[in-house]
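Below is a short briefing on one protein structure. Please have the sequence at hand while reading the notes.

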Amino acid sequence: MSDSYRNTGYGYLYDVAIIRIILVILLVLYHAFAPFSGAWTPIEGYPDIRSYWWFDKFSYAFMLETFVFVSGYVYGYQVKTKGESRLEFKSLFLSKFKRLMIPSIIFSLLYILLLQDINQPVVKTLYEVVCGVAHMWFLPMLFWCFIAVWLIEKSHVPSQVAVLVIIAMSLLPIPSLPCQIHHVFYYLPFFYAGYMLQRRDISLKSLYKPNVVVMLTIAFIALFPTLTLSKEWAEGLMGGVISVW
């Protein structure tokens, strides 16, 4: 086992430990400042503070994509260290259904009962519960990312071809599909990238170098303001929020 892991009985993956901490902090900050970016209903009577708008956009800029990347990276590590049994459909489906879909269903139901109209048709309620409401959309989406990688592996498509197809599909305007499947087309490239790094024995430790960190920071600082302002301009032009597929 690589020195990037410590034998704690289940192979804790230290490569992503610091990334997870950063992502949790960004998640908290994003939701704290969401009312100032238009993601949530603005606070009545509270001034529009532009710096808070920027802070919220920064917190959200790469957060979800990195969450998905880390999930793929950890899954790739599990497959590599625990064998191909991790790619058996029944085991994978049941494991991820318990960890992702069941929490999504439970909290979606609670959300509807506490915050939505409980007099809506039962069929509509059941559909929303299965698909995930509000913030729960992320869990079904992640569930289908695991299933998508299983399909890729079982089809024995060369990884180079799979990467090209995944990227091409992520650029298509996919219509809304049940169970958040349409979101998978955007997030799958990040999940698959993390997965393939582990399958090819490429550790994230290679990124934890001063020159790499400085280069990535400079690239982010250069691109983030331009892309953020461009998106805001496009949203103003189209009269609505532009979101991920």
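The notes cover an internal cavity, a buried glutamine, one helix face and two backbone angles.

The model is predicted. A search of the whole structure finds one cavity of 30 Å³ or more, and the space in the largest cavity comes to about 40 Å³. Two residues other than glycine, Ala134 and His156, have a positive phi.

**The cavity**

- Rolling a probe the size of a water molecule over the atoms shows where empty space is left.
- The lining of the largest cavity is made up of Tyr75, Arg86, Ser91, Leu92, Ser95 and Lys96.
- Helix α4, which spans residues 89-115, gives the most to this lining, with four residues.
- By character, the lining residues of the largest cavity divide into two nonpolar, two polar and two charged.

**Gln78**

- Gln78 is found in helix α3, residues 63-82.
- Its relative accessibility is 18%, so Gln78 counts as buried, the cut-off being under 20%.
- Leaving aside residues up to four places away in sequence, Gln78 touches Gly83, Arg86 and Lys96.
- Of these contacts, Arg86 and Lys96 also appear in the lining of the largest cavity.

**Helix α2**

- In helix α2, residues 50-60, the buried residues are Trp53, Asp56 and Ser59.
- These buried residues cover an arc of only 130 degrees around the axis, and therefore lie on the same side of α2.

**Positive phi angles**

- Most residues other than glycine have a negative phi.
- Ala134 is not a glycine, yet has a positive phi of about 50 degrees.
- Ala134 is found in the loop between α5 (122-131) and α6 (138-155).
- With a relative accessible area of 39%, Ala134 is partly exposed, because that value falls between the cut-offs of 20% and 50%.
- His156 is likewise not a glycine and has a positive phi of about 60 degrees.
- The loop between α6 and α7 (159-170) holds His156.
- His156 has a relative accessibility of 67% and so counts as exposed, the cut-off being over 50%.

Definitions and conventions
Residues are numbered from 1 along each chain as its sequence is written. This is a predicted model: local features need pLDDT of at least 70, side-chain atom pairs count only at pLDDT 80 or more; totals for chains, interfaces and linings use all residues. Side-chain values use heavy atoms; hydrogens and water are left out. Buried means under 20% relative accessible area, exposed over 50%, partly exposed in between (1.4 Å probe, protein chains only). Helices (H or I, at least four residues) and strands (E, at least two) are DSSP runs, numbered from the N terminus. The arc is that of the directions from the helix axis to the C-beta atoms. On a 1 Å grid over the protein atoms alone, a cavity is a set of points where a 1.4 Å probe fits but cannot get out, and a pocket is an open set with protein on both sides within 12 Å along at least five of seven lines; lining residues have an atom within 4 Å of a point. Grid points are joined across faces, edges and corners, and a volume is the space filled by probe spheres set on the points. Ala, Val, Leu, Ile, Met, Phe, Trp, Tyr, Cys and Pro count as nonpolar, Asp, Glu, Lys and Arg as charged, and the others, Gly among them, as polar. Contact means heavy atoms within 4.5 Å.
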